[in-house]
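Colleague: I'm new to this one, and I'd like to learn how to read it. Could you walk me through it feature by feature?

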Amino acid sequence: MSAQLKKGTLEMCVLAVLEHADGYAYDIVSKLAHGVDMSEGTIYPLMRRLQNDALVTTYLAESEQGPPRKYYRLTASGRNELAKMKAEWRDFVGEVNKILGEDHE
Amino acid sequence: MNKGQFLTTLRSSLGGLPKTQLDEVIADYEEYFRDGLASGRSEEEISKGLGDPAKIAKELLAEMHINAWQSKKSVANLGRVLLALTALGSLNLFLAIPMLVMMSLLTASYAASVGVLLVGVMAGASYLPGFNALVQFDHGDGQTMHIVKEKDGRKVEITQDGKHGMNIHVEGPDGTKDIHTPDDEDEDGDVTGGFHVDLKDLTGLSLSQARGATALGGIGGGALWLLVNLLVTRLLIRGFVKYARLNYSILRGE
């Protein structure tokens with residue numbers, strides 16, 4: 001995946017990972033890392049930005065590995081934003097596929 | 001790089017951050033190492049995956065400063081955003097230069113508008129009692145004397161200093177009159193002698209009318225100009241913050 005495309009979609013992917021269950025940083029990265037080749041360290045600046053934009057909130061919860069973990073939860077405006085991003089993404093991918101698919105048609 | 005080295009570099013690169021925020025960031029990455037180790041990776045593998053701590057620190061700082069700016073729009077916070085983005089290398093020099101030029105033009109414009117405002121205020125203040133007569137003597141080296149008397153729109157001003165002799169300046173509703181004493185000197189240093197009298201009808205306004213116009217024009221124009229400056233500043237800062245955010249969002253996810 002090219003760097004430019006990756007940058008634009010990373011935020012959406014993080015929100016999507018949190019859509020059905022709250023998660024902690026390592027968990028989010030593990031879920032993303034398979035498909036998205038990202039530098040793991042940028043997860044925290046990214047989460048902080050999402051927090052600043054009030055798309056996610058955090059809370060601490062107990063863990064088996066010693067001290068409590070910081071969990072991230074999608075806010076209502078986070079859900080709205082994700083829905084908007086998904087719609088835009090699908091439109092965009094649809095348009096691109098139309099162009100790429102010209103060979104087959 | 002092991003966990004200790006990673007966290008030490010991160011901590012030192014985040015210098016200047018308040019302790020509570022610094023501790024929070026460090027706790028985040030400690031948690032990450034714990035989870036990574038629990039999943040069977042080595043400290044070296046985890047820190048390699050995380051990437052350069054100095055670069056992570058720059059991104060965190062930029063995000064925190066932008067956030068601080070949004071919650072409290074002070075010049076200091078804007079300065080920190082600027083510095084943080086410059087550190088990230090995301091502020092484009094070609095756009096930073098016009099920005100600086102705009103800033104300096106704006107500063108000059110501020111100074112000029114305040115100047116006009118001051119002239120207006122002074123002209124207005126000359127209506128107040130106490131400003132109508134100005135007498136100023138300086139018996140020091142300069143040997144100057146400055147007397148101004150005003151009444152009913154007429155003004156007599158007598159000035160004398162060591163170099164130019166005495167000048168009597170009379171202003172009335174019909175114009176101004178200047179009388180110089182004879183000790184003007186020509187290029188060779190000789191006294192040229194004789195009175196010369198300048199009669200000017202400059203304004204066609206009486207002195208008080210002219211002063212009133214200056215006061216109104218100065219205060220009104222200066223205040224308006226200042227207001228325009230403030231509006232332009234606001235627009236510039238808004239545009240700049242948008243631009244800064246754009247720069248930063250382009251950088252995100254790298």
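Modeller: Sure, let's start with a term we'll keep using. A residue is called buried when its relative accessible area is under 20%, exposed when it is over 50%, and partly exposed in between. Keep in mind that this is a predicted model.

Colleague: Okay, let me try that on A54(A). Is A54(A) buried, exposed or partly exposed?

Modeller: A54(A) has a relative accessible area of 42%, so it is partly exposed. A54(A) sits in the loop of chain A between α3 and β2 (56-61).

Colleague: What is there to notice about the phi of A54(A)?

Modeller: The phi is positive, about 60°, although A54(A) is not a glycine.

Colleague: Let's go to chain B. How many helices and strands does chain B have?

Modeller: You'll find seven helices and six strands there. Read from the N terminus, the order in chain B is α-α-α-α-α-α-β-β-β-β-β-β-α.

Colleague: And how much of chain B is buried?

Modeller: Of the 254 residues in chain B, 33% are buried. For the surface, chain B exposes about 15,100 Å², with 64% of that supplied by carbon and sulfur atoms. You can also look at how contacts span the sequence: taking those in chain B between residues at least 6 apart, 45% join residues at least 24 apart.

Colleague: Now the place where the chains meet. How many residues of chain B and chain A are in contact?

Modeller: On the chain B side there are 27, and they are in contact with 25 residues of chain A. About 2,600 Å² is buried between the two chains, and carbon and sulfur atoms give 48% of that area.

Colleague: How many residue pairs are in polar contact across that interface?

Modeller: The rule finds 13 such pairs between chain B and chain A, counting those with both residues at pLDDT 80 or more. On chain B, α2 (19-38), α3 (43-50), α4 (53-71) and α7 (207-251) each supply at least two residues of the side that touches chain A. The element that gives the most to that side is α2(B), with 10 residues. By type, the residues on the side of chain B that touches chain A split into 10 nonpolar, six polar and 11 charged.

Colleague: With charged residues there, I'd like to look at salt bridges. What should I check before calling a pair a salt bridge?

Modeller: Check that a side-chain nitrogen of Lys or Arg is within 4 Å of a carboxyl oxygen of Asp or Glu. By this rule there are 14 salt bridges over all chains. Between chain B and chain A the count is five.

Colleague: Which residue does E24(B) meet in a salt bridge?

Modeller: E24(B) pairs with R48(A), at 3.6 Å from N to O. R48(A) belongs to helix α3 (residues 43-52) of chain A, and with a relative accessible area of 12%, R48(A) is buried. Apart from its neighbours within four places in sequence, R48(A) is in contact with E24(B), V25(B), D28(B), L60(B), E63(B) and M64(B).

Colleague: Which residues are linked with R48(A) in a network of salt bridges?

Modeller: The network links R48(A) with K70(A), E24(B) and D28(B).

Colleague: Where else can I see a salt bridge joining the chains?

Modeller: Try R69(A) and D35(B), whose closest N and O atoms are 2.8 Å apart. R69(A) lies in strand β3 (residues 69-74) of chain A while D35(B) lies in helix α2 of chain B, so this pair joins two chains. Both R69(A) and D35(B) are buried.

Colleague: What about salt bridges inside chain A?

Modeller: R49(A) forms one with E11(A), with 3.5 Å between the closest N and O atoms. That pair links distant parts of the chain: R49(A) is in helix α3 and E11(A) in helix α1 (residues 3-20), 38 residues apart. R49(A) counts as buried at 10% relative accessibility, and E11(A) does too at 8%.

Colleague: And how far apart are the closest N and O atoms of K84(A) and E81(A)?

Modeller: They are 3.7 Å apart, in a salt bridge. K84(A) and E81(A) are three residues apart in helix α4 (residues 76-100) of chain A, so about one helical turn separates them. K84(A) is partly exposed at 49% relative accessible area, and E81(A) counts as partly exposed at 24%.

How values were computed:
Residues numbered from 1 in each chain as written. Chains lettered and ligands numbered in written order. Predicted model: local features only at pLDDT ≥ 70, side-chain atom pairs only at ≥ 80, totals over all residues. Heavy atoms only, no water. Contact = heavy atoms within 4.5 Å. Buried area = accessible area lost by both parts, 1.4 Å probe. Polar contact = N/O pair within 3.5 Å; in protein donor to acceptor, adjacent residues only side chain to side chain. Helix = DSSP H or I, 4+ residues; strand = E, 2+ residues; numbered from the N terminus. Nonpolar A, V, L, I, M, F, W, Y, C, P; charged D, E, K, R; others polar. Buried < 20%, exposed > 50% of the residue type's maximum accessible area, 1.4 Å probe, protein only. Areas by Shrake-Rupley, 256 points an atom, 1.4 Å probe, with all protein chains shown as cover.
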